[in-house]
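Work through the exercises below with the structure open beside you. Try each task before you read its solution.

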Amino acid sequence: MSPFSYISVNGQTRVFIDRVMKISKEDIVAFIAALERYISINHEERLSLMNKMADEILSELTAAFPSLKIEKRVNHPGERVRPVTVPKVEVKLPENYTKLYIRLLKEGNPPIYACECDGNLCINTHTLREDEVKIVIKRLKEVISMNPPSK
């Protein structure tokens, strides 16, 4: 949909702005508030916290599953997720286990939404709060223990 609609009315072309171009005053206030909050955040501290959470997940899973290859990764410049400096924990799995684990995590209680990176299971710390890390670790341990990957 383009930003304008061209409609013929009584032989004349009329130009209308599409609905997608219209926003409410509430949307403007929400945008300004979000922008002000984002600008005021200490981004070095935020990135440090994300790295700390990734390190905790990595450490706990590596201790529980020494046979699995688990590493912290940063997005490659070609990936969609921005900023590219956000750390993720990547669990390298045999074929078909990634989708199984993602589904089981999502269907569990609480539901956990993991992603797939190059065919492997990834936990994105950008979407976590510090108090959720232990919950994610517990659920990952449950899912992997109940469905151990075979090589």
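**Exercise 1: Two helices side by side**

Helix 2 and helix 4 are roughly parallel to each other. This comes from a predicted model.

Task: Show how the crossing angle leads to that description of helix 2 and helix 4, then list the residues of helix 2 and helix 4 that meet.

Solution.
- Step 1. Find the two elements. Helix 2 covers residues 43-64, and helix 4 covers residues 133-146.
- Step 2. Read the geometry. The axes of helix 2 and helix 4 come within 10 Å and cross at roughly 25°.
- Step 3. Apply the cut-off. Angles under 35 degrees count as roughly parallel. Helix 2 and helix 4 therefore get that label.
- Step 4. Add the handedness. The crossing of helix 2 past helix 4 is right-handed.
- Step 5. List the contacts. Helix 2 brings M53, E56, I57, E60, L61 and A64; helix 4 brings V133, K134, I137, L140 and K141.
- Step 6. Sort them by class. This contact has seven nonpolar and four charged residues, and no polar ones.

**Exercise 2: A second helix pair**

Task: Describe how helix 3 packs on helix 4.

Solution.
- Step 1. The axes of helix 3 and helix 4 lie 10 Å apart, at an angle of about 130°.
- Step 2. That angle makes helix 3 oblique to helix 4.
- Step 3. Helix 3 also passes helix 4 in a right-handed crossing.
- Step 4. Y101, L104 and L105 of helix 3 meet R139, L140, V143 and I144 of helix 4.
- Step 5. By class, six of these residues are nonpolar, one is charged and none is polar.

**Exercise 3: The core**

Task: Which residues have the most contacts inside the largest nonpolar core?

Solution.
- Step 1. The largest nonpolar core has 28 residues.
- Step 2. I57, L121, I123 and L140 have the most contacts inside this core.
- Step 3. Now look at the elements. Helix 2, strand 4 (87-92), helix 3 (97-107), strand 6 (120-124) and helix 4 each give two or more residues to the core.
- Step 4. Take I123 as a case. Beyond its neighbours within four places in sequence, I123 is in contact with I57, K88, V89, A114, L128, V136 and L140.

**Exercise 4: Buried or exposed?**

Task: Are E71 and D118 buried, partly exposed or exposed?

Solution.
- Step 1. Place E71. It sits in strand 3 (residues 69-74).
- Step 2. The relative accessible area of E71 is 28%, so E71 is partly exposed.
- Step 3. Check what E71 touches. Not counting residues up to four places away in sequence, E71 touches L58, K88, V89, E90 and K92.
- Step 4. Place D118. It lies in the loop between strand 5 and strand 6.
- Step 5. The relative accessible area of D118 is 62%, so D118 is exposed.
- Step 6. Note the backbone of D118. Its phi is near 50°, a positive value in a residue other than glycine.

**Exercise 5: The whole chain**

Task: Where is the cis peptide bond from N109 to P110, and in what order do the elements of the protein run?

Solution.
- Step 1. The bond from N109 to P110 has omega near 0°, and it is cis.
- Step 2. P110 belongs to the loop between helix 3 and strand 5 (115-117).
- Step 3. Count the elements. The protein has four helices and six strands.
- Step 4. From the N terminus on, they run β-β-α-α-β-β-α-β-β-α.
- Step 5. Of the 151 residues in the protein, 28% are buried.

Technical notes: Residues numbered from 1 in each chain as written. Predicted model: local features only at pLDDT ≥ 70, side-chain atom pairs only at ≥ 80, totals over all residues. Heavy atoms only, no water. Axes fitted to C-alpha atoms, helices over the stretch in contact; angles between N-to-C directions. Parallel < 35°, antiparallel > 145°, perpendicular 65-115°, else oblique. Left-handed = near helix turned anticlockwise from the far one by under 90°. Contact = heavy atoms within 4.5 Å. Nonpolar A, V, L, I, M, F, W, Y, C, P; charged D, E, K, R; others polar. Core = buried A, V, L, I, M, F, W, Y, C linked by side-chain atoms within 4.5 Å. Buried < 20%, exposed > 50% of the residue type's maximum accessible area, 1.4 Å probe, protein only.
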